[in-house]
Amino acid sequence: MPTVEELYRNYGILADATEQVGQIRRQAIKELPQFATGENLPRVADILTQLLQTDDSAEFNLVNNALLSIFKMDAKGTLGGLFSQILQGEDIVRERAIKFLSTKLKTLPDEVLTKEVEELILTESKKVLEDVTGEEFVLFMKILSGLKSLQTVSGRQQLVELVAEQADLEQTFNPSDPDCVDRLLQCTRQAVPLFSKNVHSTRFVTYFCEHVLPNLSSLTTPVEGLDIQLEVLKLLAEMSSFCGDMEKLETNLRKLFDKLLEYMPLPPEEAENGENAGNEEPKLQFSYVECLLYSFHQLGRKLPDFLTAKLNAEKLKDFKIRLQYFARGLQVYIRQLRLALQGKTGEALKTEENKIKVVALKITNNINVLIKDLFHIPPSYKSTVTLSWKPVQKVEIGQKRANEDTTSGSPPKKSPAGPKRDARQIYNPPSGKYSSNLGNFNYERSLQGK
């Protein structure tokens, strides 16, 4: 294929110049849209897309404006040039062409982004998604989820199917392969905002119950400092609210129940003098339990007699002992937190320590509500809680990430190699400073002293 300079010459734009080549290139970019007529337009779009690789800010701005200009002349032709370079161009051109689409498409008016144009974007995007990096996948999901034609229930379902295909839910899950784990999490993060009462998460929830939960302790991740187990449990909890009819509901609910038991210890044995026979109290992992208990509560609604009819009497008795012990620990911790936060408002609540306490109070209150439900005879699944890391108010999908930069006047810097994370911050529970201190309290004495 001829070089960009050769293509310019073919249009008679470039002159023999050496000292003023930058000015000439910029002038050439300004003039290129004039040649974007008929069959020439895709070719001009191709040239401009190649020029996105420039590191000159003024030139980069001109290229963006020129592409937007011809987009308004012929959106389909312009997309042809862009996707041609995304599929076949140099890495830097591919990267910047994808970022151009992810930031500029939403700025175009409805008369440009017609239904036919959006269908072309979806068709071409599917071709690209056959071979993408994690970061590219996230950008394409941002592009596609912003298309008006995909805002419908059927449109959202299409996107979920795209994500499921990318996640490769048919393959054998390998918990010791960091790339396999990272791909599943990246894809699941993109799917979560798409789920609703009409777009079900069943396929993902089933996969997590059958393949991920049994291997939770074996999971590996390329992301340094990430609590991969908590991240998985949070995603499962978020998805469980939108799970539809599940083929192996009892089997998967039992797997979820068994995993919950691992994080709900039995009370320590007491010596003859009433003191603990062991050296320390079991550690209560509140963040893990919130996720697992919430997921169990959501799926349990679909099989409300699971605890009473599907478990034997001994197993149910064991579970209630664990619930009771955990509930006692909760009451101690909730009292601590309320006392620590009492009278604090405004700036005082914005300190890092108090932010942790506020979130911890949300976690423990949630667990408390769910445990009370399960202590009903028969167990109830009617209570509603908002997961501790989720905002109370609902945010429409179209409003998400509205504050992202879409008007940057400089070429994007090359992203450093390594795994990418989405913008959602993961809350790390107070596992050391607060949870571990629960072992210093004697729950029986605290309760007797009330």
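This account moves from the overall make-up of the protein to one of its covered helices and then to a pair of packed helices. The model is a predicted one, and in it the protein has 18 helices and 0 strands. Of its 450 residues, 47% count as buried, and among the contacts with a separation of 6 or more, 75% are accounted for by residues that lie 24 or more positions apart.

Helix α10, which spans residues 178-191, has 14 residues and reaches 20 Å from its first C-alpha to its last, a span close to the 20 Å expected at 1.5 Å a residue. This helix is mostly covered, with 11 of its 14 residues buried; among them are Cys-180, Val-181, Leu-184, Leu-185 and Cys-187, and also Asp-182 and Arg-189. The buried residues of α10 pack against α8 (134-145), α9 (153-167), α11 (202-212) and α12 (228-240).

The second place to examine is where helix α13 (residues 249-262) packs with helix α16 (residues 313-341). Two packed helices are described by the angle between their axes and by the distance between those axes. Here the angle is about 45° and the axes of α13 and α16 are 11 Å apart, and α13 and α16 are therefore oblique to each other. In passing α16, helix α13 makes a left-handed crossing. On the α13 side the contact involves Phe-257, Asp-258, Leu-260 and Leu-261, which meet Lys-315, Phe-319 and Arg-322 in α16. Sorted by character, the residues of this contact of α13 with α16 comprise 4 nonpolar and 3 charged, with no polar ones.

Note on methods:
Residues are numbered from 1 along each chain as its sequence is written. This is a predicted model: local features need pLDDT of at least 70, side-chain atom pairs count only at pLDDT 80 or more; totals for chains, interfaces and linings use all residues. Side-chain values use heavy atoms; hydrogens and water are left out. Axes are lines fitted to C-alpha atoms, for helices over the stretch in contact, and angles run from 0 to 180 degrees between N-to-C directions. Helices (H or I, at least four residues) and strands (E, at least two) are DSSP runs, numbered from the N terminus. Angles under 35 degrees count as roughly parallel, over 145 as roughly antiparallel, 65 to 115 as roughly perpendicular and the rest as oblique. A crossing is left-handed if the near helix is turned anticlockwise from the far one by less than a right angle, and right-handed if clockwise. Contact means heavy atoms within 4.5 Å. Ala, Val, Leu, Ile, Met, Phe, Trp, Tyr, Cys and Pro count as nonpolar, Asp, Glu, Lys and Arg as charged, and the others, Gly among them, as polar. The expected span of a helix is 1.5 Å times one less than its number of residues. Buried means under 20% relative accessible area, exposed over 50%, partly exposed in between (1.4 Å probe, protein chains only).
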